[in-house]
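Here is a friendly walk through one protein model. Have a look at the picture first, then read on for the ligand, the helices and the sheet.

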Amino acid sequence: MAGRDTRWRTIAAILCAGAAATASCSRESGPGLGEIMTLNQMRHAKLWRAGEAKNWPLAAYELDELQEGFDDVVKFHPTHKDVPLPLSSLVPKIMTEPLSDVRRAVDAKDHESFVVAYDKLTQACNACHQAAQFGFNVVKRPSDDSWFSNQDFQVKGNGVVRVESLIDELRTKARGAAGVDLWVPDILTLKGERVPRDVAMAALVDAVLSLGLMPDGSTEGAGGRTYHYKKQ
Ligand code: HEC
């Protein structure tokens, strides 16, 4: 978009006002990734509010802005810190389909499919945070119109959890214990990809056996299940 770089400089100046010149704020070439994401968090929330109000022109606008934010991620941050995969390939791989699903629903002014597509978009945001080793940052459907109501600040339960970290948790808990309880949420990723719980549990089997543990039933909970293990 014409004038976009100028607009960014203004936004960056506002966001960075009063802050010491951090790496991202002092960047000459473009906005920091954290700044782009913060604005995208706002658009993600506004998109939901607009869709709920069936204000389709506004929803379409927020969606355009969201798309431009991700274009900027690819342009200014093709790679990021020690993220193992390039963001320039994660963005198209993870976001293209969910964004076009939301677009289709907005164009059709179809609230029901908007809700489905929005949740899928939100999962895609979280899948990328997982892949980028930023999984502690969890976004969700906004609960109201207050700031940050589309972010989940809880440590446990409804966030996206990596199967790899479950295996670490199992190892830590099994040390010297007669039994282990492991909370396994419904939303999981393995090697950065969303996986269903049975796939995750299959990946856990090796670790379970090598620790000398035996499955000892499980208990269903809200948003996941607690698996019980005992020492053989
Ligand atoms: C290409 C991968 C990727 C996608 C897709 C992605 N993010 Fe991010 N996001 C990141 C990374 C990496 C960071 C950490 C940035 C940093 O190191 O400053 C981040 C940071 C954030 C932050 C923290 C900003 C702050 O400074 O507090 C929020 C909020 C956020 N993302 C929201 C979203 C939302 C909402 C979506 C989906 C609409 C989304 N992200 C999609 C990779 C992604």
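Let's start at the ligand. There are 24 residues around it, and the ones that come nearest are G34, M37, Q41, C125 and C128. Four helices each give two or more residues to this shell: α3 (33-52), α4 (56-76), α5 (87-107) and α6 (111-131). Which helix gives the most to the shell? That's α3, with seven residues. As for chemistry, the shell splits into 15 nonpolar residues, nine polar ones and no charged ones. Keep in mind that this is a predicted model.

Now for how some of these helices sit against each other. Two packed helices are described by the angle between their axes and the distance between the axes. Here are two pairs, side by side:

| Helix pair | Angle between axes | Distance between axes |
|---|---|---|
| α3 and α6 | about 170° | 11 Å |
| α5 and α6 | about 165° | 8 Å |

Take α3 and α6 to begin with. Angles over 145 degrees count as roughly antiparallel, and the angle here is about 170°, so α3 and α6 are roughly antiparallel to each other. The crossing of α3 past α6 is left-handed. On the α3 side, H44, W48 and G51 make the contact, and they meet H111, F114, Y118 and C125 of α6. Sort the residues of this contact by type and you get four nonpolar, three polar and no charged.

Next up is α5 with α6. Their angle of about 165° makes α5 roughly antiparallel to α6 as well. This crossing is left-handed too. The contact involves quite a list of residues, including L90, I94, M95 and P98 from α5 and S113, F114, A117 and Y118 from α6. How do the residues of this contact divide into nonpolar, polar and charged? You'll find 16 nonpolar, one polar and two charged.

Finally, the sheet. Strands of a sheet pair through backbone hydrogen bonds, either parallel or antiparallel. In this model, three strands form an open sheet in the order β3-β5-β6, and the pairing is mixed. At the edges are β3 (161-162) and β6 (193-195), each of which pairs on one side only. Strand β5 (residues 188-190) runs antiparallel to β6, and three bridges join the two. One partnership to look for is T189, whose bridge partner in β6 is R194. Helix α8 (residues 197-210) packs on the sheet, where it touches β5 and β6. The direction of α8 makes about 50° with that of β5.

Definitions and conventions: Residues numbered from 1 in each chain as written. Predicted model: local features only at pLDDT ≥ 70, side-chain atom pairs only at ≥ 80, totals over all residues. Near = placed C-beta within 6 Å. Nonpolar A, V, L, I, M, F, W, Y, C, P; charged D, E, K, R; others polar. Pairing = 2+ DSSP bridges. Contact = placed C-beta atoms within 7 Å. Axes fitted to C-alpha atoms, helices over the stretch in contact; angles between N-to-C directions. Parallel < 35°, antiparallel > 145°, perpendicular 65-115°, else oblique. Left-handed = near helix turned anticlockwise from the far one by under 90°.
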